[in-house]
Amino acid sequence: MSALMDDSQDERRMLADSVAGFAGEGRGIARARRLKAEAAGLDRAAWSEMADLGWLGILVPEAAGGLGLGVGELAVVAEGLGRDCAPEPLVDTVFAQAVLAGCDADHAGELLAATASGERLVAVAWQDEAQARGQEGPASVPADGGSGRLTGRRALVTPAEADVFVVAVGGPDGVALYAIERDAPGLSVETQPRVDGHAVLALEFDGVSLDDARRLAGGGAGDGALTRGLSVARVAASAELFGLAGALFEQTQDYLASRKQFGQALSSFQALRHRAVDLYIQRELMRNALRQAVRAFDSDADPVDLQRAAARAKARCSEAALIIGRQAVQLHGAIGYTEEANVGVYLRRVLSLAAWLGNADTQRREYARLTRAAA
Amino acid sequence: MTDWNAMDDAAFRREIRTYLEAEYPKALRHPSRRLRWHEVSDWYLKRAEAGWTAPGWPAEHGGVGLSPSKQLIFTEEQERIGVARAPDQGVVMVGPLLIRYGTPEQREQYLPKILSWEHIWCQGYSEPNSGSDLASLRTQADDDGDHWVVNGQKTWTTLAQDATHIFVLARTDPHAERKQKGISFLLVDLDTPGITIRPIENIAGHEEFCEVFFDNVRVPKDNLVGNVNEGWTMAKALLGFERLFLGSPKQSQNALGRLDAFAEARGLHDDPAFSAEFTKLALDVADLSEAFESFAAQVRGGETLGADISWLKIWGTETYGRIAELAVQAADGEAPLVEGQAIGEDASVDVLNLYFGCLPTTIYGGSNEIQRNILAKQVLRLPE
């Protein structure tokens, strides 16, 4: 079922089967509906089931209780969860884990292990509202940690249930990273609802102490950790978008074939047949953009190439998933505009992930900047 | 004799690249229009002497006998350096057809002359009223004892004015139950009385294709290929992995490179609006290339291409079109200048060339609308 495997990759095939089993008959979309309708927050039962299956530790080294696998395996799981419209914050968690994995402080490793077991939820806080418009990377992290205290804002922080934040702070030597507990003195947390039923956080730091005990990575070391984290997370989000868009496309294909008007299947009308083909092409483009990104990680390309590959995948997947989602609603007609139909639930998740860590325009700017800098 | 197929792919690629770099004339690289036979004949005759007219034909018929995987490398290297295409219908269509369906006499008569370029073939498929709906063709071949008498008209016949022969799909049974039945495949010498060739000037001012008129043209019965009334089936069976190249990223890559050079010279990359458009196209080309490689890997692995290859042609040619459109926009007031746009001392870009270059690509080889029909039916299996 997945785009990301060839027959030789048994590990990925087994993971795909395992995700399909977990998804079952529409369990994910049922949780997504409940999340939206009841503002239920994280479904802890589903989350610990995912932890037991090992998915929260795919990238985490075996020594820290994870599976020690790669981005290719991660993408298989994210795609499968996307197909099921599962709302759990796997990609958000992966972002935090990939950042933590690049930190040298001892307690970074402890935090990493705690995220893999599902015991703790960690969120990366690296941008303020202004930068959220052009979420480029370490260069845009605010330098607001003067004299050992942090005073400033971090926006669009997920998952909202996080109990500790990995906070990026700019400085003359580059980005430093600190672990700050949710209940740290001087930190206030504001919750903003997101269209898929999750919330995002805006953090207000008022003189929060940046002491050594909290430091995960010193000035400079944080740049690489954050950059890699962004690249990994963008690929993971791309894979989830690919899964979401694949399911949206297939639902639409089925609907066109079964729905009758004027005494004939909608799919008999050439305008709609050609539209379906154009959506199919968008889905194939996602598959190819994602494949090159996974290959870049599989072959351990250098960080700039990984950044470009991730930006390329996220640009394509964000854009194409929105095209497919929008057209899925259109091709379902009025029923597609209702809560009863599944396509809307998928589209709300697509809207959330397409924007997360930078939308298609932002990714293309990033890609252009990196390409021109390399030339 | 070298066993090319035994050579590893990288070594083979190196060999071909070195050969082309050294031997292929610089002036003929990446031509901006389809070149005529007299412009490319030196190169192809030289290759013929070396035995390299038909890399894909089996060695016993005078080809090189390359495996699909090696042929792919050979074609990729030709594309890379921008080798001008020959009027190659003999190599691409007639040879493989005769090898598969022809009589020993037909092979003996025609194959050596295709290899030596003594015969140059053109393709008589499309008609004024049979374009996308090719099977509706009306050129008629009537049985007259030991001859077929052909009447009708073919069109969009590429480089007929340079050809010595034409292969024709003609209707031999007007009463067949399906229009695809009742069509036969005929080999016709263009010197036969009753044939008139009229070049058609295209939108860019070049004469790349022709109309061919048949007025009581007598074709010997020996020139029928395969069984009578089975021409359609044979023509379809010949569609092989060459379809891959309808979706080649080369045209788009070249066009993007020209646009990049223009943008660089005029400082357009500093314009955020242009840069956004350009980057979007660059990624469209990058993802096209990735997909092409993935289909090419199927060919290398010995798989037959499925109907899904059609999406590559759609995306490739439409991407080329969007690049050409952006080039025309970028050149602004200078766009309609027929001598192009200067980008420095003695370099220039010709946006009209890109623009006119992209126009036929979404029409030929099965228009993109036909490709969408194919995908809807054979890949998406949407009920009609």
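A salt bridge, for this tour, is a side-chain nitrogen of Lys or Arg within 4 Å of a carboxyl oxygen of Asp or Glu. Keep that in mind and select B:Arg13, B:Arg17, B:Glu76, B:Glu77, B:Glu293 and B:Arg300: salt bridges link these six residues in a network. Over all chains, the structure holds 53 salt bridges.

Before you click on, some ground rules. The model is predicted, so local features need pLDDT of at least 70 and side-chain atom pairs count only at pLDDT 80 or more, while totals for chains, interfaces and linings use all residues. Residues are numbered from 1 along each chain as its sequence is written, chains are lettered from A and ligands numbered from 1 in the order in which they are written, and side-chain values use heavy atoms, with hydrogens and water left out.

**Stop 1: chain A as a whole**

Colour chain A by secondary structure and you'll find 11 helices and 9 strands (DSSP runs numbered from the N terminus: H or I of at least four residues for helices, E of at least two for strands). Its C-alpha trace spans about 75 × 50 × 40 Å along the principal axes. The radius of gyration is 20 Å, which agrees with the value near 21 Å for a compact globule of 375 residues (taken over C-alpha atoms; the globule rule is 2.2 Å times the number of residues to the power 0.38). Of those 375 residues, 60% are buried. Buried means under 20% relative accessible area, exposed means over 50%, and partly exposed is in between, with a 1.4 Å probe and protein chains only.

**Stop 2: two salt bridges in chain A**

Select A:Arg120 and A:Asp163, whose side chains meet in a salt bridge at 3.7 Å, N to O. A:Arg120 sits in the loop between helix 6 (106–116) and strand 1 (122–125) of chain A, and A:Asp163 in the loop between strand 2 (149–157) and strand 3 (164–169), so the pair ties together parts that are 43 residues apart in sequence. Both partners are partly exposed: A:Arg120 has a relative accessible area of 23%, and A:Asp163 comes in at 28%.

While you're at that second loop, pick A:Pro159, which also lies between strand 2 and strand 3 of chain A. A cis peptide bond joins A:Thr158 to A:Pro159, with omega about 0°.

Now jump to A:Arg194 and A:Asp196, a salt bridge of 2.9 Å, N to O. Are these two buried or exposed? A:Arg194 is buried at 16% relative accessible area, and A:Asp196 is buried too, at 6%.

**Stop 3: a nonpolar patch on chain A**

Show the surface and select A:Val195, A:Leu322 and A:Leu351. They form a nonpolar patch with about 200 Å² of accessible area together (areas come from the Shrake-Rupley method with a 1.4 Å probe, and for residues only the protein chains shown count as cover). Patches are made of residues with over 30% relative accessible area and no salt bridge; like charges are joined within 9 Å, and nonpolar side chains (Val, Leu, Ile, Met, Phe, Trp, Tyr) within 5 Å. A:Leu322 belongs to helix 9 (residues 303–332) of chain A and is partly exposed at 32%.

**Stop 4: over to chain B**

Chain B has 11 helices and 10 strands. Its radius of gyration is 22 Å, close to the 21 Å that the globule rule gives for 384 residues, so chain B is as compact as a globular protein of that length. The C-alpha trace spans about 75 × 50 × 45 Å along its principal axes, and 49% of the 384 residues count as buried.

Select B:Arg198 and B:Glu211 for a salt bridge of 2.2 Å, N to O. B:Arg198 is in strand 6 (residues 195–200) and B:Glu211 in strand 7 (residues 209–220) of chain B, 13 residues apart. B:Arg198 is partly exposed at 46%, whereas B:Glu211 is buried at 12%.

**Stop 5: two positive phi angles**

What is the phi of B:His30? It is positive, about 45°, although B:His30 is not a glycine. Find B:His30 in the loop between helix 1 (9–23) and helix 2 (37–49) of chain B, where it is partly exposed at 38%.

B:Asp332 isn't a glycine either, and has a positive phi of about 50°. Look for B:Asp332 in the loop between helix 9 (310–331) and strand 9 (341–342) of chain B; at 60% relative accessibility, B:Asp332 counts as exposed.
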